[in-house]
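Biologist: I am new to this structure and would be grateful for a close look at a single part of it. Please choose one part, describe it carefully, and then place it within its surroundings.

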Amino acid sequence: MKKNMTFVCVGLFALALFIVIWSFYRDGKQDLSHETILTANQNLQNLADHNRKRLSSALTETLEFSEIKKGISQELLEIQTTFKVLHEHRDFFNIEILREEIFAELSHKKALISKVESTLSDHSKAVEWFAEDQAIIRVLGIQFLSYLHRNGIEEPLKNSIHGILGHLKNSVDETYKGQFLDAEDLIMHLSSNLGKQAIGVVPTPSLENLIETLIEEFKIDELEFESESARELVVSVGKGMALGLRGKYSLEEISKILIRHFPKSFS
């Protein structure tokens, strides 16, 4: 049944593309008729609506099935179920829109947001709560907190960064390597959001100011003088900044500022 539904979706999408391409070559003209464009758009809209219903149905069915689980809170159950379903349907052509629609619904649930923060701040919690699903939960959790930040709910993303930086900076045990990547991704999303917010603002904040704001907010400059783990974290954080800001600023500009602030790590 699942394969048949997939074939239907692919068929609808292929049909929409075929109509556009066929019309393009039919008369040897580069301008498409108004009716053709409307038909293609309608087919794509039908596919989008179909995917939305499939995703909603999958969420409902999975939540109902998962309710038999014992010893897990409603918030953790909803996080695990929702993020896993989003991951499983990541090949939908309109998944970005559908994902943000679901994130919008979750954005009103403070207890759930708090659990996502804890999951990203403390890897032991991620493993305890989500076991083999923890990698998926962390990836979607970062995207969720980034969505909240872009839409005016800024503290959860910042809190997670404070938590993971504090844990990695002060850790004396062997640190889970994936947390360095989580720190990098969290900083990347925050940097990207700040960079986008800065564009169009008058006067426009300089790149130097943006990076200094991040350094001051999270006291990243102190990390160079701590453990070997902390020095590795500086590199992850610097890479996160560079990846998040490179769409608005050149890598050469970003590198110069990072080298100036972190000469031991980036020289």
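Modeller: A helix here is a DSSP run of type H or I with at least four residues, and helices are numbered from the N terminus. The model is a predicted one. Under that definition the protein has 13 helices and zero strands, and from the N terminus on the order of its elements is α-α-α-α-α-α-α-α-α-α-α-α-α.

The part I have chosen is helix α3, together with the helices that pack on it. Two packed helices are described by the angle between their axes and by the distance between those axes. Helix α3 comprises residues 74-88 and helix α7 comprises residues 134-150; the two pack at an angle of about 90°, their axes being 9 Å apart. Angles of 65 to 115 degrees count as roughly perpendicular, and α3 and α7 are therefore roughly perpendicular to each other. On the α3 side the contact is formed by Ile79, Gln80, Phe83, Lys84, Leu86 and His87, and on the α7 side by Ile136, Ile137, Leu140, Gly141 and Phe144. Sorted by class, the residues of this contact are seven nonpolar, three polar and one charged.

A second partner of α3 is helix α4, residues 95-106; here the angle is about 170° and the axes lie 11 Å apart. Because angles over 145 degrees count as roughly antiparallel, α3 is roughly antiparallel to α4. Glu78, Thr82, Phe83 and Leu86 of α3 meet Ile95, Arg99, Ile102, Phe103 and Leu106 of α4. This contact has six nonpolar, one polar and two charged residues. Phe83 and Leu86 thus appear in the contact with α7 and also in the contact with α4.

Leu112, found in helix α5 (residues 110-121), links several of these pieces. Leaving out residues up to four places away in sequence, Leu112 touches Glu75, Glu78, Ile79, Leu106 and Phe144. Of these, Ile79 and Phe144 also take part in the contact of α3 with α7, while Glu78 and Leu106 take part in that of α3 with α4. Leu112 and Glu78 are 34 residues apart in sequence, yet their C-alpha atoms are 8.0 Å apart in space. Since buried means under 20% relative accessible area, Leu112, with 1%, is buried.

The same region belongs to a wider interior. In soluble globular proteins, nonpolar side chains tend to be buried together. The largest nonpolar core of this model has 53 residues, and those with the most contacts inside it are Phe83, Phe144 and Met241. Helix α7 gives the most to this core, with eight residues. Met241, leaving aside neighbours within four places in sequence, is in contact with Ile187, Ser191, Ile211, Leu214, Ile215, Ile220 and Leu258.

Two acidic residues of helix α9 (residues 178-198) add to the picture, Asp182 and Glu184. At 6% relative accessibility Asp182 counts as buried, and Glu184, with a relative accessible area of 9%, is buried as well. Beyond its neighbours within four places in sequence, Asp182 is in contact with Arg138, Ile142 and Ile164. Glu184, with residues up to four places away not counted, touches Ser236, Lys239, Gly240 and Leu243.

Two loop residues deserve a remark about the backbone. Most residues other than glycine have a negative phi. Ala131, in the loop between α6 (123-130) and α7, has a positive phi near 50° although it is not a glycine; at 39% relative accessibility Ala131 counts as partly exposed. Lys219, in the loop between α10 (207-218) and α11 (228-245), also has a positive phi, of about 50°, and at 45% relative accessibility Lys219 counts as partly exposed.

For the protein as a whole, buried residues make up 42% of the 267 residues. Of the contacts between residues at least 6 apart in sequence, 69% join residues at least 24 apart. The protein exposes about 14900 Å², of which carbon and sulfur atoms supply 55%.

Note on methods:
Residues numbered from 1 in each chain as written. Predicted model: local features only at pLDDT ≥ 70, side-chain atom pairs only at ≥ 80, totals over all residues. Heavy atoms only, no water. Axes fitted to C-alpha atoms, helices over the stretch in contact; angles between N-to-C directions. Parallel < 35°, antiparallel > 145°, perpendicular 65-115°, else oblique. Contact = heavy atoms within 4.5 Å. Nonpolar A, V, L, I, M, F, W, Y, C, P; charged D, E, K, R; others polar. Buried < 20%, exposed > 50% of the residue type's maximum accessible area, 1.4 Å probe, protein only. Areas by Shrake-Rupley, 256 points an atom, 1.4 Å probe, with all protein chains shown as cover. Core = buried A, V, L, I, M, F, W, Y, C linked by side-chain atoms within 4.5 Å.
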